[in-house]
Amino acid sequence: MMNRDSRRIGVEEEFLVVDPVTRCAVPQAEAVLRRAADRLGPQVGGEITKLQVESRTLPCRTVTDLYGQLARGRAELDASAAEEGLRIMASGTPVLGDFVPSPMTEGPRQDLGNATFRGLHDELSICALHVHVELPERDRAVLAGNHLRPHLPTLIALTANSPYWSRRDTGYASWRTLVWNRWPVAGPPPYFTSADHYDSYVATLQEAGALVDVGTIFWDIRPSAHQPTLEVRAADVPTTAEESAMVAALVRGLVTASLTLVDR
């Protein structure tokens, strides 16, 4: 079993591409990504809309290392955007621009998503922070998720960074959370008794047509389908890299505390 300080963490941050003069979100992600790939390689990628780009850290033991990677990812993405006469913005939602319906990226998976989710894709230009905590034992990961659920409102409140939508104040600190929770498999996950229970539930969702694939399980907490991690996805993308590193440290601490409860 890992000690309290050795469990690795990683972060994915989503950003909007904006015009620096008008401050409008613009569908120029592809141009930014072409330049950023030379700087960051696989640590940068696209998102479901043409308004967004994503940076990804490598797994980190220390918060200091994580912060360094987050800061570099933001700096290199912004430099790539600047070379195209653009900028990136850390905001849970776009504020200005023509972003409804969202300009979607093309591809077979995206086409299937459009056919499955229809109008839900119209307002998908939202940006989150995803924290991965190393936890290869899937049973323990699923059970830890049960204990993390009560902390989700606090994480959302701490990171709320999306009060504006379509040029107006929504009256909510995190409008991204409200938009996201319209989806059939989003928000707090159900209570699960084991990894087998989780897999059976997901299989039922797929059979019912509620998913495109396991990548469209959008619960706030989920065992990653591709990494040996537990992923916590409740937060708006924070304004600064320092805040993102702080949230990741907090999430790792909550996972550690949850595992103590699981083991009891």
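**Helix packing and unusual backbone spots in a predicted model**

Leaving aside neighbours within four places in sequence, R74 is in contact with E13, F15, I88, A90, V237, P238, T239, T240, A241 and S244. This arginine makes a good starting point for a walk through the structure, which is a predicted model. R74 sits in helix α2, a helix that spans residues 63-83. Is R74 buried or exposed? Its relative accessible area is 12%, and because buried means under 20%, R74 counts as buried. One of the contacts of R74, T240, is a partner from far along the chain: R74 and T240 are 166 residues apart in sequence, yet their C-alpha atoms are separated by 9.1 Å.

With that residue in mind, the whole chain can be brought into view. The protein chain contains eight helices and 11 strands. Its C-alpha atoms fill a box of roughly 55 × 45 × 35 Å along the principal axes. Does the overall size speak for a compact globule or against it? A compact globule of 264 residues would have a radius of gyration near 18 Å, and the chain has 18 Å, so the two agree. Of the 264 residues, 51% count as buried. Contacts that bridge long stretches of sequence are well represented: among contacts between residues at least 6 apart, 75% join residues at least 24 apart.

The surface and the charges complete this overview. About 12100 Å² of the protein chain is exposed, with carbon and sulfur atoms supplying 53% of that area. The chain carries 26 positive and 33 negative side chains. The centres of these two sets lie 2 Å apart.

Helix α5, residues 152-159, shows how a helix can have two sides. Which residues of α5 are buried? They are L152, L155, I156 and T159. These four cover an arc of only 100° around the axis, which means that they lie on the same side of α5. A general rule of helices helps here: an α-helix has 3.6 residues a turn, so residues three or four places apart point the same way. On the face of α5 turned away from the buried side, the exposed residues are P153, A157 and L158. The buried residues of α5, for their part, pack against several elements: the helices α4 (138-148), α6 (175-180) and α8 (241-263), together with the strands β10 (221-223) and β11 (229-236).

Helix α8, one of the elements packed against α5, offers two residues to compare. S258 belongs to α8, and its relative accessibility of 2% is why S258 counts as buried. Which residues does S258 touch, not counting those up to four places away in sequence? They are A144, H147 and L148. A249 is also found in α8, but this alanine is partly exposed, with a relative accessible area of 30%. From A249 to R168 the distance is 33 Å, C-alpha to C-alpha, and the two are 81 residues apart in sequence.

Helix α1, residues 29-40, has its own buried set, made up of A29, A31, V32, L33, A36 and L40. What covers these residues? The cover includes the strands β1 (9-18), β2 (44-46) and β3 (52-56), as well as helix α2, which is the helix that holds R74. Just after α1 comes G41, a residue with a positive phi of about 55°.

A few further backbone details are worth a look. As background, most residues other than glycine have a negative phi, and most peptide bonds are trans. Where does the chain depart from the trans form? The peptide bond from V100 to P101 is cis, with omega near 0°. P101 lies in the loop between β4 (87-89) and α3 (108-117).

Positive phi values in residues other than glycine turn up in the loop between β6 (164-165) and β7 (168-169), where S166 is placed. Phi of S166 is near 50°. R167 has its place in the loop between β6 and β7 as well, and its phi is near 70°. How open are these residues to the surroundings? S166 is partly exposed, at a relative accessible area of 41%, while R167 is exposed, at 60%.

Definitions and conventions
Residues are numbered from 1 along each chain as its sequence is written. This is a predicted model: local features need pLDDT of at least 70, side-chain atom pairs count only at pLDDT 80 or more; totals for chains, interfaces and linings use all residues. Side-chain values use heavy atoms; hydrogens and water are left out. The radius of gyration is taken over C-alpha atoms; the globule rule is 2.2 Å times the number of residues to the power 0.38. Buried means under 20% relative accessible area, exposed over 50%, partly exposed in between (1.4 Å probe, protein chains only). Contact means heavy atoms within 4.5 Å. Accessible areas come from the Shrake-Rupley method with a 1.4 Å probe; for residues, only the protein chains shown count as cover. Lys and Arg count as positive and Asp and Glu as negative; His and the chain ends are not counted. The place of a charge is taken as NZ of Lys, CZ of Arg, CG of Asp or CD of Glu. The arc is that of the directions from the helix axis to the C-beta atoms.
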